[in-house]
Each structure stands twice: as structure tokens, then as C-alpha cells.
Amino acid sequence: MEILDGIRDAVVAGDALETKELCQRAIEEGCSASQILEEGLIAGMNVIGPRFKNNEVFVPEVLIAARAMHSGMDVIKTLIVSSDVKEKGTIVIGTVKGDLHDIGKNLVVIMLEGSGYKVIDLGVDLAAEKFVEAVEQYQPQIVGLSALLTTTMGQMKNTVDTLRTLKLKPKIMVGGAPVSQEFCDQIGADAYAADAASAVEIANALIA
Ligand code: B1M
């Protein structure tokens, strides 16, 4: 669809205003939030990723593209988060220590909120102790851990190990590009979600 290609290109170009306007138009034209997400915003980041890897673009360009993606996410958030959804439970979520990537985690947050969860987003670069404090404070049913770097996957294991020592036993969901079902099993987390949409399905199954 032409408008979705436009959103993808605007993200790649790092044009936040254009991304925002096109997302608004896409909604008016009847596109669903997940179409805009998958075929527009994420498609744009999927163009940037390989270019970053091949040194065709550098950190500033990636950050500008990420900012454009966020401006689009703000628009579709209004579509996803409807106020009359009944609260299903509480989820504490964050990116593990040493890792600053949050675009995917933020998408997961939007989808979870949109489907009726109260989500406490702790942010990025979080030591295991930060998750422990949040579990004690908010008593969530689920803790979500995100990691985008192979080098921070060890921190994910460390956080799972630490959370397992607590009296409160929230379910632990893990995700992020280098994470897999196999890794999830290996570190003893309860569930792995490959993307934001399946994170909702997995969360529903975990609290059922
Ligand atoms: Co970085 N980066 N980055 N980066 N970056 C990657 C991850 C990399 C694969 C790029 C590459 O080389 N090809 C590579 C990692 C290689 C590896 O570990 N094997 C990499 C690297 C090396 C680095 C630095 C070390 C680069 C440097 O400085 N030399 C550095 C590290 C900084 C740090 O974290 N300490 C770095 C920095 C950055 C930026 C700051 C420039 C920026 C982050 C901006 C931000 O997040 N605010 C950035 C970005 C944007 C990327 C790429 C290009 C895009 C990531 C992204 O946002 N994808 C990425 C390449 C790539 O992935 N193609 C790359 C879009 C997003 C929607 O997908 O995050 O996978 P994703 O999330 C998905 C799923 O994974 C899942 O749902 C999401 C939605 O569907 N998911 C969950 C995620 N978390 C979940 C949690 C769940 C469930 C599902 O439950 C709790």
C-alpha cells in the first residue's frame, strides 16, 4: 500500500514530521494500527538495520530514524490504547543492564497497554536490582525483559536468576532480536515472545 511505503521511507529518511502526518493519514484511510506498525514503521527500521550493520549509516542517522519511528508510534498509540479496556493485570518491563535499545520494548508496552494491562515501564540499562525493587513495589503478575545485544543476554539470565530468589514469583517473559525460545528455556524464563503482537498473546496465556 502506497501510504505504508511512504511511512517506511519517511522513517528511513528520519523525517519525524512526515512520518507523523503519514501515520495520521493512514489511520484516516482505514489502515489498522498493526499494518502501520509492521508495514510502515518497523519496515523502515528494517531498512536502517542492515545499513547500520554495513556501515552505510551511523549512530546519528539511526537515532534520527528512531525518533521518526517514535513520532509515528505516538500517533498509532491513540488508536491502540482505548480507555474502556478493562485492566487485566500489571506488567513491569524494561531493557536489561548495559543495553540502551528501547524501540522494540516501547512497541511491546504500547501493545500491552492497548490490550488492557497496566504497564510499568522502567526504561533501559536496568540492573537486576531495579527489577527487584519494582516487583516489590508494584507486585506485577509478569516481568518483561528486553535485550537487543548478544553481549547483554547474560544480564537477562542474571536478572532471571535474581528474580527467582524473591518470595513474590512473577512470571518472566523475555524478548528482543537475539533472544529465542531456546535461550528462554536455557535461562529458565517462563516465556519468549518474538514480537509485540505475540507478547500480548503470551502475557494473556501467562496470567490465565
Ligand atoms: Co544498536 N545494535 N547498537 N542501536 N541497533 C543492533 C541491535 C545491531 C543488531 C545492529 C547491527 O550491527 N546489525 C547490533 C547488535 C549486534 C549484536 O549484539 N549481535 C547493535 C549494536 C552493535 C549497537 C552498538 C554496540 C553500536 C555501537 O555503539 N558500536 C550500540 C550499543 C548501545 C547500547 O545499547 N549499550 C548501539 C546503539 C544503537 C542506537 C542507540 C544508535 C539505536 C538504539 C535507539 C533506541 O533504541 N532508542 C540502535 C538501533 C536503533 C539498532 C537497530 C538498527 C534497530 C533496533 C530496533 O529498534 N529495531 C539494530 C539493528 C536491527 O535490529 N535490525 C541494532 C526495531 C524494533 C521494532 O525491533 O527491537 O527487535 P526489536 O523489537 C521487536 C522484537 O525483538 C520484540 O518485539 C519488538 C517489536 O516487534 N521484542 C520483545 C523486543 N523486546 C521485547 C520484549 C518482550 C517481547 C518482545 O517481552 C518482554
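# A tour around the ligand

Start by selecting the ligand in this predicted model: the space that the ligand takes up is the largest pocket.

**Stop one: the whole protein.** Zoom out and colour by secondary structure. You should find 9 helices and 5 strands. Follow the chain from the N terminus and the elements appear in the order α-α-α-α-β-α-β-α-β-α-β-α-β-α. The radius of gyration of the protein is 17 Å, close to the 17 Å that the globule rule gives for 208 residues, so the protein is as compact as a globular protein of that length. Turn the C-alpha trace along its principal axes, and the spans come to about 50 × 45 × 25 Å.

**Stop two: the metal.** Now select the cobalt atom of the ligand. Which protein residue serves as its donor? Show His101: its NE2 atom is the single donor from the protein, 2.2 Å away from the cobalt. Then trace the backbone on either side of His101, which is found in the loop between strand S1 (89-95) and helix H5 (103-114).

**Stop three: the shell.** Next, display the residues surrounding the ligand, 32 in number. Leu100, His101, Asp102, Ser146 and Thr150 are the closest. Colour the shell by residue class, and it divides into 19 nonpolar, 9 polar and 4 charged residues. Which elements supply at least two shell residues each? Select helix H3 (33-53), helix H4 (59-80) and H5, then add strand S3 (142-146) and strand S4 (171-175).

**Stop four: polar atoms at the ligand.** Keep the ligand on screen and pick Asp102, one of the closest residues. An N or O atom in the Asp102 side chain is 2.7 Å from a nitrogen atom of the ligand. Switch to the backbone for the next two picks. At Ile103, a backbone N or O atom lies 3.5 Å from an oxygen atom of the ligand. At Ala196, a backbone N or O atom is 3.2 Å from a ligand oxygen atom.

**Last view.** Finish with the cobalt atom and His101 (NE2) on screen together, and the largest pocket, whose space the ligand takes, around them.

Definitions and conventions:
Residues are numbered from 1 along each chain as its sequence is written. This is a predicted model: local features need pLDDT of at least 70, side-chain atom pairs count only at pLDDT 80 or more; totals for chains, interfaces and linings use all residues. Side-chain values use heavy atoms; hydrogens and water are left out. Donors are N, O and S atoms within 2.8 Å of the metal (3.2 Å for Na, K and Ca); water is not among the atoms, so sites may look incomplete. Helices (H or I, at least four residues) and strands (E, at least two) are DSSP runs, numbered from the N terminus. A residue is near a molecule or strand if one of its heavy atoms lies within 4 Å of it. A polar contact is a pair of N or O atoms within 3.5 Å; within protein, one must be able to donate a hydrogen and the other to accept it, and residues adjacent in sequence count only if both atoms are side-chain atoms. On a 1 Å grid over the protein atoms alone, a cavity is a set of points where a 1.4 Å probe fits but cannot get out, and a pocket is an open set with protein on both sides within 12 Å along at least five of seven lines; lining residues have an atom within 4 Å of a point. A molecule sits in a cavity or pocket if more than half of its atoms lie within 2 Å of its grid points. Ala, Val, Leu, Ile, Met, Phe, Trp, Tyr, Cys and Pro count as nonpolar, Asp, Glu, Lys and Arg as charged, and the others, Gly among them, as polar. The radius of gyration is taken over C-alpha atoms; the globule rule is 2.2 Å times the number of residues to the power 0.38.
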